[in-house]
Amino acid sequence: MTATSNVNSNALNFLSHMQNGVDPRTGLYTLSVDLPKLSGNDLLGPELDLALRYSPLNLHDSGYGKGWNLQLSQFDPDRERR
């Protein structure tokens, strides 16, 4: 009896939406995952391109985990009170 290990997965379809790499100067790993575009005004526009990005230099958790960010402007009311 022979065992075959053919794996069928649709996960490989999403590799084109990911960019990753290691900075040769620092050795730090970064990752960016492109998300579907958001359209406002009942899909009439404007469209907003979103990407979820990871950076080991980002020490904050903005709701996606430590180091992950959507690269959008954010308002932190607690920070404004200081």
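This is a conversation about one predicted protein model, its sheet and two of its residues.

Visitor: What sort of model is this, and how are residues numbered?
Guide: The model is predicted; local features need pLDDT of at least 70, side-chain atom pairs count only at pLDDT 80 or more, and totals for chains, interfaces and linings use all residues. Residues are numbered from 1 along each chain as its sequence is written, and side-chain values use heavy atoms, with hydrogens and water left out.

Visitor: How many helices and strands are there?
Guide: The protein chain has 1 helix and 4 strands. Both are DSSP runs numbered from the N terminus, a helix being H or I with at least four residues and a strand being E with at least two. From the N terminus on, the order of elements is β-β-β-β-α.

Visitor: How are the strands arranged in the sheet?
Guide: They form an open sheet in the order E1-E2-E3-E4, with antiparallel pairing. Strand E1 (18–22) and strand E4 (68–69) are at the edges with a single partner strand each, so one side of each has no neighbour in the sheet. Two strands count as paired if DSSP finds at least two bridges between them.

Visitor: What holds paired strands together in general?
Guide: Strands of a sheet pair through backbone hydrogen bonds, in a parallel or an antiparallel way.

Visitor: How many bridges does each pair have here?
Guide: E1 and E2 pair over 5 bridges, and E3 and E4 over 2 bridges. Strand E2 (residues 29–39) pairs with strand E3 (residues 47–54) over 7 bridges.

Visitor: Which residues face each other across E2 and E3?
Guide: Leu31 stands opposite Tyr54 in E3, and Asp34 has Ala51 in E3 as its bridge partner. Tyr54 also stands opposite Trp68 in E4.

Visitor: What lies between E1 and E2?
Guide: These two strands form a hairpin with 6 residues between them, and Gly27 in the turn has a positive phi of about 80 degrees. On the paired strands, Met18 has Val33 in E2 as its bridge partner.

Visitor: Switching to Ser32, is that residue buried or exposed?
Guide: Ser32 lies in strand E2 and counts as buried, because its relative accessibility is 8%. Buried means under 20% relative accessible area, exposed means over 50%, and partly exposed is in between (1.4 Å probe, protein chains only).

Visitor: What does Ser32 touch?
Guide: Leaving aside neighbours within four places in sequence, Ser32 is in contact (heavy atoms within 4.5 Å) with His17, Met18, Gln19, Ala51, Leu52 and Arg53. The side chains of Ser32 and Arg53 are also joined by a polar contact of 3.5 Å. A polar contact is a pair of N or O atoms within 3.5 Å; within protein, one must be able to donate a hydrogen and the other to accept it, and residues adjacent in sequence count only if both atoms are side-chain atoms.

Visitor: And where is Asn41?
Guide: Asn41 is in the loop between E2 and E3. This residue is exposed, with a relative accessible area of 56%. Its side chain reaches the backbone oxygen of Gly45 at 2.6 Å.

Visitor: How much of the whole chain is buried?
Guide: Of the 82 residues, 12% count as buried.
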